[in-house]
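Got the viewer open? Switch to a cartoon view and get ready to click along.

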Amino acid sequence: MGALNDLEGFGQAVWLDFVDRKFLEAGGLQKLVDEDGLTGVTSNPSIFEKAMGHGDAYDSTLAEYDKQHAGAATIDRYEHLAIQDIKAAAETLKPVYDKLDAKDGYVSLEVSPYISDDTDATIAEAKKLWGMVDRPNLMIKIPGTLAGGPAISSTIASGINVNVTLLFALDAYIRVAEAYAAGLEERVKQGQPIDKIASVASFFVSRIDSSIDKEIDARIEKGDAEAEALKAVRGKVAIANAKMAYQWYLDFLKSDRWQALAAKGAQPQRLLWASTGVKDPSYPDTLYIDTLIGKDTVNTMPPKTMDAFRDHGTAAETITQDVEGAKHTLAEAERLGLDLNGVTGKLVEEGVASFVKAFDDLLGSIAKKQPATA
């Protein structure tokens, strides 16, 4: 039992932000489940690009698929490879899912980043991927864009679990939390059960600080008169933002709207902290775990960050600590003109663009592996 195991006692689930064929086949995921209490896995286009676009781990599977599906489109070849990995991860996590009665044990697969602004296409792809994987412990990742909101409601209403990704701003989170509730309400109207439907809202943390800190550093270097005040909020805005999102979540759980759903067995949409690897080497490498621990939360960690917390992390309920300090940090950020709303809006655009680029590179790598007869 180590620090990662201790997080469960504070209501936080440990997920792995990584998927790779060799890792799965070598029993790496099962080892984390057994030794660290891991209860979930997330994937995204960037992760698959790193896994599939380099090395030969997928070559034999792809060659076999090509023999049976001559002339298949590159996207179909990618989906075949990705779905095999997702199914394997889902099988490993199924005992966790069963033990926790569908409250955890999930693996996430993202819709194409090419359709992030197309509601109907997102709904259709979510249903397609859900059917192809055919595992109850799958979550379909849908970006928290404006088009994503109604797609989330419709997908939940269809009985499909959803991981809402690319959340940065509080108002965007509120929108998708309400979309989740609306999807559950539609299922209730249809006379369908809602107790086995699960969702997480994935807040990307470190990218906010990276963007805000860059502006802070530039202003300090130019001799800004508010240099000391700027230094005081450096590395604190993302955590403060996350803490306020959690406060909204706690209030929403008390609302009549949510209580009506809870009475019918609804599971809360947990807040998930993503992008928790530290990008500034001057910060502790466990910063975005240590400071965001609390009930009904998930932290999805890249392997390096997971190793760091296992080695020297500290488990304690921190997400509800110093809320007034978090409010002060955000008020100071606003006073100093750091434009958190503008930053978070830009980060959504950059996040989608980053995933599109990764997907382009991934499909390009797979296309290059076309069989000689194609």
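Here comes a short walk through some helices and the places where they meet.

First, some ground rules: this is a predicted model, where local features need pLDDT of at least 70, side-chain atom pairs count only at pLDDT 80 or more, and totals for chains, interfaces and linings use all residues. Residues are numbered from 1 along each chain as its sequence is written, and side-chain values use heavy atoms, with hydrogens and water left out.

**Stop 1: α6**

Select residues 74-99, which form helix α6, with 26 residues. (Helices are DSSP runs of H or I, at least four residues, numbered from the N terminus.) From first C-alpha to last, α6 reaches 38 Å, close to the 38 Å expected at 1.5 Å a residue; that expected span is 1.5 Å times one less than the number of residues.

Now click L93: α6 has a kink of about 45° there, shortly before the proline P95. The bend is the angle between axes fitted to the seven residues ending at a residue and the seven starting there. Just after α6, pick D101, which takes a positive phi of about 55°.

**Stop 2: α5 against α6**

Add residues 59-68, helix α5: the axes of α5 and α6 come within 10 Å and cross at roughly 130°. (Axes are lines fitted to C-alpha atoms, for helices over the stretch in contact, and angles run from 0 to 180 degrees between N-to-C directions.) That makes α5 oblique to α6; angles under 35 degrees count as roughly parallel, over 145 as roughly antiparallel, 65 to 115 as roughly perpendicular and the rest as oblique.

Which residues of α5 and α6 make the contact? Show T61, L62, Y65 and D66 on α5, then D76, R77, H80, L81 and Q84 on α6. Contact here means heavy atoms within 4.5 Å.

**Stop 3: α12 and its partners**

Next, select α12 (residues 237-254) and α16 (residues 323-335), whose axes come within 9 Å and cross at roughly 125°. α12 and α16 are therefore oblique to each other. On the α12 side, show V237, A240, N241, K243, M244 and Q247; on α16, show V323, A326, K327, T329, L330 and A333.

Finally, bring in α10 (residues 206-221), which packs with α12 at an angle of about 135°, their axes 7 Å apart. Here I208, D209 and I212 of α10 meet V237, A238 and N241 of α12.

Key:
Helices (H or I, at least four residues) and strands (E, at least two) are DSSP runs, numbered from the N terminus.
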